[in-house]
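This report introduces the reader to one part of a structure. It begins with a pair of helices and then turns to a sheet.

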Amino acid sequence: MPIINRIAELAGDAQLWRRDLHQNPELLFEVHRTAAFVAEQLRAFGCDEVVTGIGRTGVVGVLKGRLPGSSVIGLRADMDALPMQEETGLPHGSQTKGLMHACGHDGHTAMLLGAARYLAETRNFSGTAVFIFQPAEENGGAGAKAMIDDGLMQRFGIQEVYALHNQPGLPIGAFALNPGAILASSTRVEIELRGLGGHAAKPHLCIDPIVIGAQLIANLQSVISRSLDPLEGGVLSITQFHSGTAFNIIPETAYLAGTLRCLNMDMQRLACARIKEVADGLAAANRCNAKVTLTDGYPVTKNHAAQAQFAQTIAKDIVGDAHVDGQMPPSMSAEDFSFMLEARPGAFLYIGNGDTAGLHHPKYDFNDEVLPYGMSFWARLVENRPNLG
C-alpha cells in the first residue's frame, strides 16, 4: 500500500499551500491569516462542518465517511511559526522580518489539508474524521490545551487522536515512533536569591548572592543524578544567571533560570520538590533568601500502546517495514500534543524530513518531498481504523 496515486497528483497543490504558508508565518495564537486559509480550503473541499475560533484561533473540519460506523478519529496539525529571522535565501522564504516556519508547521498543515481533500473526494471510510488545526504549539503557548479547554474532544466526539511531526536527519519516506513516552515534560525553573550587597573589598560585611548562586548551580545537578531513578530519565539545565551592575560592587540579588525535563510525571514532581529543598537549604546555610518559582509547561508526550501499534502498521503499509522504527528513543524536547494524549488515546509519530538543517535553525525548510508520504499516512489511517463506536 504505497503512496496513493490520487495523493501523488494532489502533492503539487499541497506544495503551493505549504510555500504560501511558509511565506506568511504567524506566531502563537495570532495565526489569523493561516486559520482563514485553512478554513477556506476545508470549505472548498466540501467538509460537512468547518468551525473556527476553537481555542481562540484553532480550526476544525469534520468529514463523515460513506461507510457505516460511528468512530470519530482526530488528526492534528500545528499552524504557528517561530520568532526567528530566516536565512534560507529561498524564493518562498518568509516575507515577515523576524518570523519564520523553522519547525515545519507549514508542512504539517499542508499534509493534513491534502489528506482532507483526498478523503472529501472519496469518503471511503466509516465514521467521522476530525481535522484539527492548532495554534500556539511553540513558545509554551499550549494551544492544544486551549482547544481542549474550549470543548474540542467533547464537542466533536473525538475518540482517538494522532499527530505527525517532521524530523530532520530521518530519511524521506521513513517514520519513527515509540509505544510509550516519546517526548519529555517541561518545567520552567526560576530562582531569585536575595543576600546583602556592599563593597567588593569588604565581602565579610555582605551576603554574596553570586557565590551562593554558583554553588546552587552545582548542587542542583544532584537533583537528577542522586534523586531520580536513573532509568526514568531527566535533565535540568540552568541557562541564565544574571547579577550585578559593576566590577567593585557585591550585588543584593541574583537571578537563575532554566528548564527541567522528565519522561515520567512522578519524576517531574519529585524533581520539583528537590529543587526547592536544595535551593532553600543552601540559602538558609548562607543566610540568604531563595524565592523558587516552578512553572509547569507541557506534560510528558506519552503514546498509547494500541494506537501506536496501529499507526505503526499503517506506516509500514505505506513505506515498508524497513523504513519504520517502532522503538525510537525518546527525546527530552517537549510538545503540547501531550495534552491531547492525556485527554484521549492516540499516538505521536515522526516523519522523515531528510538531510536538512535542524528544527529551529534559521536555514531550516520543510522538505516538500515529504508531503505525499504524510498525506497518504493520514488517509490510510482514517480509511483503515476499525470502528470504535
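In this predicted model, α1 passes α3 in a right-handed crossing, a term that applies if the near helix is turned clockwise from the far one by less than a right angle. Helix α1 covers residues 5–23, and helix α3 covers residues 105–122. Their axes are 8 Å apart and meet at an angle of about 140°; axes are lines fitted to C-alpha atoms over the stretch in contact, with angles from 0 to 180 degrees between N-to-C directions. Among the residues of α1 that meet α3 are I7, L10, W17 and L21, contact being heavy atoms within 4.5 Å. By class, this contact has eight nonpolar, four polar and six charged residues, with Gly counted as polar.

An open sheet of eight strands follows the order β1-β2-β4-β3-β5-β16-β6-β15, with mixed pairing. Strands β1 (49–54) and β15 (324–325) stand at its edges with a single partner each, so one side of each has no neighbour in the sheet. Pairing requires at least two DSSP bridges; helices (H or I, at least four residues) and strands (E, at least two) are DSSP runs numbered from the N terminus. Strands β3 and β5 pair in the parallel sense over four bridges, and L75 has Y162 in β5 as its bridge partner.

Two helices lie across strands of the sheet, as tabulated.

| Helix | Strands crossed | Angle |
|---|---|---|
| α2 (residues 32–45) | β1, β2, β4 | about 10° to β2 |
| α3 (residues 105–122) | β2, β3, β4, β5, β16 | about 160° to β3 |

Residues are numbered from 1 along each chain as its sequence is written, and side-chain values use heavy atoms, without hydrogens and water. Local features need pLDDT of at least 70 and side-chain atom pairs count only at pLDDT 80 or more, while totals for chains, interfaces and linings use all residues.
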